[in-house]
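Let's look at a protein model together and ask how each label is earned. Keep the definitions handy as we go.

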Amino acid sequence: MSMSQNNLWNELGGKDKIKELLEKKKKEILSLYYQDFKEGQIKTIEPEDFIDMATSGYERELHLSLSDTERKTLEEIEQALQRLETGQYGICQNCGKTIQIPRLKAVPWARFCIKCQQMYEEGLI
Ligand SMILES: [Zn+2]
């Protein structure tokens, strides 16, 4: 682990805390859909099972029912969880620099640093 990443974990309260935050947000998005789902025909299913389902065969249907923003956030959360595993967390996916800590605190699943995010939103990357 590099010095800057050590500093990152100190500032953010550790890898486990980030993982927890990401999982919590993921659950939040999925439970929004779960509420709708529950109103439908299947009422016996528990939220925890639903999350398993969401990551397996039901993923496609789920993704159709979520809004674009929710779907995009969910994807970004998944990618951030992967980066946690591979040691790439907090590193800008465009320029390779460490993402600003206040930004990661606000958006723990951020893919880009502030500068690259702007470029991304302008369609430049
Ligand atoms: Zn960047």
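Q: What makes Ile99 count as being in contact with other residues, and which ones does Ile99 touch?
A: Two residues are in contact if their C-beta atoms, placed from the backbone, lie within 7 Å. Leaving aside neighbours within four places in sequence, Ile99 is in contact with Gly90, Ile91, Cys92, Leu104, Ala110 and Cys113.

Q: What should we know about the model before going on?
A: This is a predicted model, in which local features need pLDDT of at least 70 and side-chain atom pairs count only at pLDDT 80 or more, while totals for chains, interfaces and linings use all residues. Residues are numbered from 1 along each chain as its sequence is written.

Q: How confident is the predictor in the chain?
A: Confidence is given as pLDDT, a score for each residue from 0 to 100. The chain averages a pLDDT of 82, and 71% of the residues score at least 70. Confidence is lowest in helix α4 (residues 59–65), with a mean of 58, and highest in α7, at 96.

Q: Which helices and strands does the chain have, and what makes a stretch count as one?
A: Helices are DSSP runs of H or I with at least four residues, strands are runs of E with at least two, and both are numbered from the N terminus. By that rule the chain has 7 helices and 0 strands. Along the sequence, the pattern reads α-α-α-α-α-α-α.

Q: How do you know that the length of helix α5 agrees with what is expected?
A: The expected span of a helix is 1.5 Å times one less than its number of residues. Helix α5 (residues 68–86) has 19 residues and should therefore span 27 Å; its end C-alpha atoms are 27 Å apart, which agrees.

Q: Which residues of α5 are called buried?
A: A residue is buried if 20 or more other C-beta atoms lie within 10 Å of its own, exposed if 12 or fewer, and partly exposed in between, with C-beta atoms placed from the backbone. In α5, the buried residues are Leu74, Ile77 and Ala80.

Q: Why are these residues said to be on the same side of α5?
A: The arc is that of the directions from the helix axis to the C-beta atoms. The buried residues cover an arc of only 125° around the axis, so they sit on the same side of α5. On the face turned away from that buried side, α5 carries the exposed residues Asp68, Lys72, Gln82 and Thr86.

Q: Why is Leu84 called partly exposed?
A: Leu84, which is also in helix α5, has 17 other C-beta atoms within 10 Å, so Leu84 counts as partly exposed. Not counting residues up to four places away in sequence, Leu84 touches Lys15, Ile18, Lys19 and Tyr89. The C-alpha atoms of Leu84 and Ile18 are 8.5 Å apart, although 66 residues separate the two along the chain.

Q: Why do Met119 and Lys115 get their exposure labels?
A: Met119 lies in helix α7 (residues 114–121), and its 15 C-beta neighbours inside 10 Å make Met119 partly exposed. Lys115 is also in helix α7, and its 13 C-beta neighbours inside 10 Å make Lys115 partly exposed.

Q: What makes a group of residues a nonpolar core, and which members touch the most others?
A: A nonpolar core is a set of buried Ala, Val, Leu, Ile, Met, Phe, Trp, Tyr and Cys residues joined through C-beta atoms within 7 Å. The largest core has 15 residues, and Cys92 and Ile99 touch the most other members. Helices α2 (15–39) and α5 each supply at least two residues of this core, and α5 gives the most, with 3 residues.
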